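Trainee: Got a minute? I'd like to go through this one with you.
Mentor: Sure, put it up.

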Amino acid sequence: MQHQPVAELKSDAGAESSIVRLVRASQTPLVARGEPFVWALGSALALGIAMIVGFLVLVLWNGLVTFWPKPVALVTTTAGKLVAGEPTRIEAYRPSSDSIANLSADLQSAIRGRNGYADRTLYRIGNYDLYNEDFRWLSDFEKASVAYPKDLLFAERLEWGVFVGTLKAAQIGGETLDRPNPRDPKLIAAHREARSRWREIRHIERNLIGRVNYNIDQLRLAVRRAEIRYGASSPQVASARAEEARQLPSLKAEYDRLAAAAQALKTKDQAINVTLAEVGGREKVLPLSALVRFYPANDLSLAEKIGIYGSRWWEFVSDEPREANTEGGVLPAIFGTVAMTLLLVLIVTPFGVITALYLREYARQGRLVSVVRISVNNLAGVPSIVYGVFGLGFFAYTLGAGIDELFFPERLPNPTFGTGGVLWAALTLALLTVPVVIVATEEALSAVPRSMREGSLACGASKWQTIRHIVLPRALPGIMTGIILAMARGAGEVAPLMLVGVVKLAPTLPIDSYFPFIHLERSFMHLGFHIYDVGFQSRNSEAGKPMVFVTTALLITVIAVLNLTAILLRARLKRRFVGSQF
Amino acid sequence: MAQTATRTPASPRSGPAAATSDEFEATASHPKRGTKGEAIRIEKFSLWYGAAKALHENTFSIERGLVTALIGPSGCGKSTLLRCFNRMNDLIDNVRIEGRIEFDGLDIYSPRVDVIALRKRMGMVFQKPNPFPMSIYENVIYPLRIDGIRDRATLDQAAEAGLKGAALWNEVKDRLDESALGLSGGQQQRLCIARAIAGSPEVLLMDEPCSALDPIATAKIEELIDELREHYTVVIVTHNMQQAIRVSDNTAFMYLGRLIEYGDTKTVFNNPVHQRTNDYVTGRFG
């Protein structure tokens with residue numbers, strides 16, 4: 001009816017009907033109109049983006065705020081006790097009827113007014129060695145007063161986690177400072193010195209003594225190798241033993257010298273200590289070197305806070321973990337993740353590309369090839385833990401054990417390759433991700449224009465020359481896409497790794513200064529497993545929770561960096577080999 | 001590439017019923033003879049794509065040093081025949097042949113023949129320019145590269161000779177290291193010709209080399225073919241009858257996989273022996 005005016009203008013009946021049809025009318029069926037679908041598709045996209053952005057914001061925000069130094073509250077409870085700690089979070093809970101029975105009538109009615117709910121705050125109280133807990137819940141009705149005294153100290157220790165309390169005294173080179181200011185330059189300088197002394201001790205114990213031990217072990221293994229290869233009474237064994245006897249005294253002497261040096265440093269270290277007191281009055285004497293970082297939590301300028309924030313991040317990405325991984329850094333995990341992923345790419349690329357080349361370029365396209373192709377695609381759907389089991393059973397226990405028997409019999413029964421390691425992990429993940437590379441490569445190969453192959457063949461090139469000079473360069477960007485996808489999948493995979501080489505704490509990196517420098521048989525740490533470990537396997541999950549976010553943010557960043565590098569490389573290749581076709 | 005005789009759109013005057021072998025008389029043959037003898041001899045050559053017969057017992061020979069045009073309506077088998085000369089049809093599954101094609105007196109389909117060597121002696125230019133995704137220089141010397149030639153002087157010489165031969169040298173001599181994909185369509189096609197002649201072949205096979213080009217580029221290519229005539233035997237498939245008149249010495253008219261008339265271009269177009277040739281060249285069908 002609303003088109004009546006339009007129709008009235010026209011006297012001709014035929015024109016009227018066509019005008020009516022041109023103007024969108026209510027009788028146009030919904031499916032014939034475009035807008036609802038645009039809206040539906042648009043909102044689906046918006047939902048997807050919202051979920052991804054929401055996830056990233058959650059992870060990044062929680063990850064980024066974790067290291068920001070927070071104030072430390074000093075709570076006086078109604079029972080007259082003192083509790084000091086970082087307020088971590090507040091939640092509503094339902095206190096038991098016993099606990100509110102002897103509260104004042106006002107408080108009781110307030111709780112009743114909220115349907116039996118009251119608020120409580122979680123404090124990070126630290127001092128695990130004294131309290132046997134790191135965190136404590138305090139209900140609002142338990143608090144008599146909350147203060148933020150400026151002399152409260154927040155200290156991160158090498159052992160037992162954080163200490164919250166006050167700085168009672170410091171013993172520096174015979175001089176005793178009573179109630180020193182944490183910003184006292186003398187204390188700061190002494191702390192820096194103590195930390196570098198601690199690193200020196202660690203260097204001696206781990207690297208220098210480690211090398212002596214390594215050399216001693218090599219001598220022992222040489223004897224054992226000769227015994228296995230030539231028999232116990234052979235001249236080779238005798239010469240190996242002679243060599244061992246010749247070198248051992250000097251190595252032992254070297255060991256003793258280093259141990260003495262370390263001991264001297266340690267004695268010196270013990271003399272420089274601080275006395276910390278918790279709010280209840282109990283005291284704790286610690287060597288100054290055992291404090292990683294300490295600061296007056298309620299008396300920080302913005303610049304100091306930023307400094308602490310930065311130094312915590314730096315420690316996180318450049319140091320080793322402490323305290324069952326909930327503190328310290330994740331450098332070995334970053335290293336392990338990147339090394340494993342690169343190794344995975346090195347393995348999966350030739351494997352996948354060669355398979356795809358054969359399937360697409362050489363194999364007769366028949367039923368067998370179809371079956372192979374379908375099977376490859378189905379492999380992508382096998383649960384990853386199955387690959388882990390296969391990797392452990394086949395690579396580690398079968399292949400690895402075989403390698404051990406052939407090449408490292410002198411080390412048995414200690415396995416070398418016969419247990420999980422970075423090589424087996426990379427191989428397992430290569431198996432897991434190879435379908436992605438095969439499918440992407442096949443797509444890329446079939447997208448190479450036929451005219452280019454014909455052009456090359458018509459020049460008298462053989463099939464392989466055509467593939468090598470024309471087809472592969474042209475397909476390279478597509479192959480890179482497959483590698484990027486495989487890398488993203490491989491770097492984020494955890495379940496199979498738990499079976500084939502990832503450990504909670506790896507004593508050594510897969511690359512070091514000992515021959516042959518790259519140790520593919522070593523177990524390694526991985527950011528993905530680290531997330532699982534700090535989140536679900538650590539002593540207290542409250543301490544691990546923020547680390548889960550930080551590590552996740554870091555893992556996402558590492559994968560993003562790896563992918564971005566590959567994507568930039570692909571863009572370069574595309575510009576070079578595909579170009580603009582008119 | 002899978003054109004078959006059965007898919008040919010039949011004109012009203014020669015319906016499918018007319019396409020039986022009885023209908024066809026013997027090929028009318030009156031080619032111009034060159035001074036250097038035959039280059040390619042086709043003898044009772046037939047070809048099947050699966051069950052469909054695309055070429056029917058064709059017999060003729062291509063003169064060395066002349067330009068021979070293959071004309072005919074779409075799907076008549078002229079491209080198929082051209083691709084048999086350097087055995088490009090080997091790439092297609094289900095192709096079966098009968099008869100002989102001789103090049104230099106040797107049956108190219110004999111098992112003794114080295115297909116790669118054969119292709120090196122027959123350069124090919126395709127319908128759509130297909131430069132490789134490399135520099136202009138690398139494109140031209142591709143035939144030498146695959147022969148494993150690394151001597152820079154030889155390669156430079158071949159690149160210059162090829163590009164000069166394809167009348168492209170002056171346009172690209174200052175940017176030999178730039179990507180060939182940045183050239184215009186006409187330049188790309190001349191680059192493909194340069195590539196085809198850089199391997200110093202004896203025969204140049206051209207499969208509608210101008211069909212993707214504008215008139216100016218087409219004119220340049222035609223001019224180029226005229227110059228190439230002296231050094232190479234050129235076989236060109238074309239849809240453009242004017243082009244066949246302009247560039248070729250001999251013209252072969254094919255229809256439904258059969259050679260209908262083969263002869264001196266002037267005669268084929270002005271005074272054809274065969275009625276069907278007449279119908280085609282005067283534009284009554286095709």
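Trainee: How do strand 8 and strand 9 of chain B pair?
Mentor: In this predicted model, strand 8 (residues 203-207) and strand 9 (residues 233-237) of chain B pair in the parallel sense over 5 bridges. Strands are DSSP runs (E, at least two residues) and helices are too (H or I, at least four), numbered from the N terminus. Two strands pair if DSSP finds at least two bridges between them.

Trainee: Which residue is the bridge partner of V203(B)?
Mentor: T233(B), in strand 9 of chain B.

Trainee: What sheet do they sit in?
Mentor: An open sheet of 7 strands in chain B, in the order 1-11-10-4-9-8-7, with mixed pairing.

Trainee: Which strands stand at the edges?
Mentor: Strand 1 (28-30) and strand 7 (122-125) of chain B. Each has a single partner strand, so one side of each is left without a neighbour in the sheet.

Trainee: Now strand 2 of chain B. What does it pair with?
Mentor: Strand 2 (residues 38-49) runs antiparallel to strand 3 (residues 52-63) of chain B, joined by 8 bridges. L47(B) stands opposite L55(B) there. The two strands form a hairpin with 2 residues between them. In the turn, G50(B) has a positive phi of about 65°.

Trainee: And strand 5?
Mentor: Strand 2 and strand 5 (residues 95-103) of chain B also pair in the antiparallel sense, over 8 bridges. E43(B) stands opposite R100(B) in strand 5.

Trainee: Switching topic. How many residues does the contact take from chain A and chain B?
Mentor: 19 from chain A and 19 from chain B. Contact has a cut-off: C-beta atoms, placed from the backbone, within 7 Å.

Trainee: Which element gives the largest share of chain A's side?
Mentor: Helix 14 of chain A, with 6 residues. By class, the side of chain A that touches chain B has 10 nonpolar, 7 polar and 2 charged residues. Ala, Val, Leu, Ile, Met, Phe, Trp, Tyr, Cys and Pro count as nonpolar, Asp, Glu, Lys and Arg as charged, and the others, Gly among them, as polar.

Trainee: R453(A) is in helix 14, right? Why does it count as buried?
Mentor: R453(A) lies in that helix. It counts as buried because it has 20 C-beta neighbours inside 10 Å. The rule: 20 or more other C-beta atoms within 10 Å is buried, 12 or fewer is exposed, in between is partly exposed, with C-beta atoms placed from the backbone.

Trainee: What does R453(A) touch?
Mentor: V448(A), T466(A), I470(A) and V471(A), not counting residues up to four places away in sequence.

Trainee: Which residues touch the most other members of the largest nonpolar core?
Mentor: A426(A), L204(B) and V235(B), out of 151 residues. Such a core is a set of buried Ala, Val, Leu, Ile, Met, Phe, Trp, Tyr and Cys residues joined through C-beta atoms within 7 Å. Helix 13 (residues 422-446) of chain A gives the largest share, 17 residues.

Trainee: How confident is the predictor?
Mentor: The complex gets an ipTM of 0.84 and a pTM of 0.79. Chain B averages a pLDDT (confidence in each residue, from 0 to 100) of 84, and 91% of the residues score at least 70. Over residues 1-23 of chain B the pLDDT is below 50.

Trainee: Any ground rules?
Mentor: Residues are numbered from 1 along each chain as its sequence is written, and chains are lettered from A and ligands numbered from 1 in the order in which they are written. As this is a predicted model, local features need pLDDT of at least 70, side-chain atom pairs count only at pLDDT 80 or more, and totals for chains, interfaces and linings use all residues.

Conventions
pLDDT = per-residue confidence, 0-100. Contact = placed C-beta atoms within 7 Å.
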